[in-house]
Amino acid sequence: MVTVDARGQQCPIPVIWAKEAIEKLTGSGVVMVFVDNEIAVQNLTKLAQQKKYKMRSEKLGESEFRAIFTIGEGDVAAAAEAAAAEKTICYPDGVKENTLVVIKNDMMGDGDESLGKTLLKGFIFALSKTEILPKRILFYNRGAFVTIEGSDSIDDLKSLEAQGVEIMTCGTCLNHYGITDKLAVGSVTNMYVIVESMTQAVKIIKP
Amino acid sequence: MKDEKNIVFCRSGGCSAKLGAGTLRRVLEKIPQGHDDNLLVGFSSSDDAAVYRLTEDLAIVQTLDFFPPMVKDPYTFGQIAAANALSDIYAMGGEVKTALNIVCFPEKMDLTILGEILLGGNNKVCEAGGILTGGHSIADDGVKYGLSVTGIIHPEKVLKNNVCRAGDKLILTKPLGIGIITTADRVDKASKKAMAQAIKSMIMLNKYAAEALRGVAVHACTDVTGFGLLGHLTEMLDTKVAAVLHYENIPYIEEAYAYADDFLITGAGQKNRNFVGDKVHFDNVPFAMEEILFDPQTSGGLLAAVAPEDAETALSAIRELGMGCGIIGEVVAKKQPLIIVEK
């Protein structure tokens with residue numbers, strides 16, 4: 001059994017010490033944490049609930065409480081696994097912080113229109129398969145046509161979105177072309193967000 | 001030798017050092033209340049500041065706030081404490097005029113530290129368009145600093161905190177997570193980037209958000225401080241209306257989420273949960289987000305209830321200030337539970 005004396009310590013210290021003691025256990029074991037206030041007991045209870053650890057607490061005196069964690073074989077590993085699983089959902093590993101892709105037209109490069117459209121479709125497809133993804137893709141002016149119903153790139157953009165990339169289309173542009181109700185992927189944005197995205201981006205990619 | 005000038009951290013700094021709202025209410029209930037027709041906002045309504053009418057078109061707004069340090073740099077602490085104290089004037093819709101320093105300082109500590117704190121405070125009072133007129137200092141075990149502020153306002157333009165209407169959109173003008181990040185910093189677990197963002201947010205005067213809200217129909221306004229978003233929202237709803245929040249639209253400093261998941265959480269946050277938790281229904285809200293919603297803020301943003309047709313205009317203007325902000329939900333007709341947090 002491990003004893004943690006966290007009396008006289010303010011939150012988050014009791015919780016941090018308890019967590020460290022539990023994680024240091026090899027396999028199963030009991031961690032007993034002493035604290036001097038009810039609020040600390042409540043924060044320890046939250047730790048137990050979130051990590052699915054068995055815990056009971058008791059009041060020993062006016063300002064003395066004891067929380068007893070009974071950790072089963074594999075409990076710590078299960079909690080770590082659950083936390084890791086959650087993290088992959090929230091933050092895809094591949095998303096590169098603050099790289100911005102700007103699509104300002106419905107074709108890539110100047111020149112032949114059908115070639116330009118094929119190139120752009122290919123670009124977005126290839127982008128969806130790269131390891132290091134951008135944080136956000138902005139579509140404005142004729143770029144707005146790429147995110148609406150009937151565009152060849154919708155599936156690839158949805159795949160990018162599912163991987164955590166933000167797809168944003170300029171609202172003014174959708175309005176101007178009368179295609180607002182046809183938006184098929186991502187969200188609508190405004191000039192403030194566009195400016196902020198560009199000024200804060202570490203790298204801007206304009207195909 | 002910058003390190004020597006660091007202030008010693010207190011047990012809990014900033015607005016986390018507030019007494020719990022429940023405890024406070026029990027004490028205040030027993031204090032007999034005077035009556036004066038010119039007292040437009042007093043302590044019966046748990047508002048941000050007191051408003052006293054002097055003439056038909058002039059009232060004074062009074063407030064004070066002080067607390068122990070939550071950052072190591074004294075000048076920064078001075079700026080934060082002052083921005084926090086000045087904020088109540090803006091939450092009422094007023095204009096800052098004069099301020100007095102409130103100081104607790106250990107006799108044996110290096111006085112240049114106090115000098116820097118006061119300099120930081122003065123810097124914010126000037127930025128607010130006010131003037132420091134004096135102060136009071138006490139020898140104490142730990143450092144505490146803040147301001148007593150007087151502002152002016154038109155008696156009919158007072159923004160109370162508890163008069164929002166069903167249909168109003170709720171706008172928050174600064175990101176949440178300040179308490180969690182400063183707590184993580186206290187145990188050396190906060191990243192430099194997170195702390196820099198928290199400081200940038202704390203030293204920013206709510207003056208600019210208040211100006212951005214001028215011209216739109218603001219029905220009620222408060223600032224989010226020690227009682228956390230849900231605590232202050234509860235005061236705003238005042239059991240007369242209810243609210244639905246959409247957590248995906250609620251701005252917070254990114255790192256606060258991971259820190260909350262690592263249980264870098266405060267006692268004050270748990271006190272807030274105890275006080276208002278039973279009034280809130282969380283519909284599939286991640287644990288870290290719950291913690292962020294209860295997190296005590298120091299010098300937090302304004303929480304404004306705005307007429308729905310004005311909400312987008314107001315948000316665009318606030319977004320220009322470069323802080324995380326958002327339309328976080330709406331006020332609805334009275335029902336149980338008082339606050340629903342959903343996707």
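How many residues does the contact take from chain A, and how many from chain B? The contact takes 16 residues from chain A and 16 residues from chain B. Keep in mind that this is a predicted model, with scores of ipTM 0.74 and pTM 0.72.

**Figure 1. Where chain A touches chain B.**
Here we look at the contact between the two chains, with 16 residues coming from chain A and 16 residues from chain B. On the chain A side, the elements that give two or more residues are α1 and α2 (38–51). Helix α2(A) makes the largest share of that side, with six residues.

**Figure 2. The two domains of chain A.**
Pull back a little and chain A splits, by its domain assignment, into domain 1 (2–89) and domain 2 (99–205). Taken over C-alpha atoms, the centres of these two domains of chain A are 46 Å apart. The next three views go into strands of chain A.

**Figure 3. Strands β1, β2 and β4 of chain A.**
Strand β1 (residues 2–5) of chain A lies parallel to strand β2 (residues 29–35) of chain A, and four bridges pair them. Between these strands the chain takes in helix α1 (residues 13–24) of chain A, and β1(A), α1(A) and β2(A) together make a right-handed β-α-β unit. Strand β2(A) also pairs with strand β4 (residues 64–71) of chain A, this time antiparallel and over seven bridges. To find your way along that second pairing, look for Val30(A), which stands opposite Thr70(A) in β4(A).

**Figure 4. A closer look at Thr3 of chain A.**
Thr3(A) sits in strand β1 of chain A, and its opposite number in β2(A) is Met32(A). Is Thr3(A) buried or exposed? Thr3(A) has 11 other C-beta atoms within 10 Å, and because 12 or fewer is the cut-off for exposed, Thr3(A) counts as exposed. For a sense of distance, Ile39(A) is 36 residues away from Thr3(A) in sequence and 19 Å away in space, C-alpha to C-alpha.

**Figure 5. Strands β5, β6 and β9 of chain A.**
Strand β5 (residues 99–103) of chain A has a parallel partner in strand β9 (residues 203–205) of chain A, with three bridges between them. Thr99(A) is a handy marker here, standing opposite Lys203(A) in β9(A). Strand β5(A) also runs parallel to strand β6 (residues 136–139) of chain A, joined by four bridges. In that pairing, Val101(A) has Ile137(A) as its bridge partner in β6(A). To get from β5(A) to β6(A), the chain passes through helix α4 (residues 113–129) of chain A, and this β-α-β crossover is right-handed.

**Figure 6. Chain B as a whole.**
Chain B holds 11 helices and 13 strands. Its radius of gyration is 19 Å, close to the 20 Å that the globule rule gives for 343 residues, so chain B is as compact as a globular protein of that length. Along the principal axes, the C-alpha atoms of chain B fill a box of roughly 55 × 55 × 45 Å. Buried residues account for 52% of the 343 residues in this chain. Among the contacts in chain B with a separation of 6 or more, 88% come from residues 24 or more positions apart. As for confidence, chain B has a mean pLDDT of 91, and 93% of its residues reach 70 or more.

**Figure 7. Where the two domains of chain B meet.**
Chain B is divided into domain 1 (2–157) and domain 2 (169–342), and their centres, taken over C-alpha atoms, are 21 Å apart. The contact draws 28 residues from domain 1 of chain B and 29 residues from domain 2 of chain B. On the domain 1 side, α1 (21–28), α2 (74–91) and α3 of chain B each supply at least two residues. Helix α2(B) gives the most to that side, with 10 residues.

**Figure 8. Two spots in chain B, one covered and one open.**
Helix α9 (residues 267–276) of chain B is mostly covered, with nine of its 10 residues buried. Among those buried residues are Gly267(B), Lys271(B), Arg273(B) and Phe275(B). Glu107(B), by contrast, lies in the loop between β4 (95–105) and α3 (111–127) of chain B. Glu107(B) counts as exposed, with 8 C-beta neighbours inside 10 Å. Gly142(B) is 35 residues from Glu107(B) in sequence, and the two are 9.7 Å apart in space, C-alpha to C-alpha.

Notes. Residues numbered from 1 in each chain as written. Chains lettered and ligands numbered in written order. Predicted model: local features only at pLDDT ≥ 70, side-chain atom pairs only at ≥ 80, totals over all residues. Domains from an automatic or database assignment. pLDDT = per-residue confidence, 0-100. Pairing = 2+ DSSP bridges. Right-handed = clockwise from strand over helix to strand, strands pointing away. Buried ≥ 20, exposed ≤ 12 C-beta atoms within 10 Å, placed from the backbone. Rg over C-alpha atoms; globule rule 2.2 N^0.38 Å. Contact = placed C-beta atoms within 7 Å.
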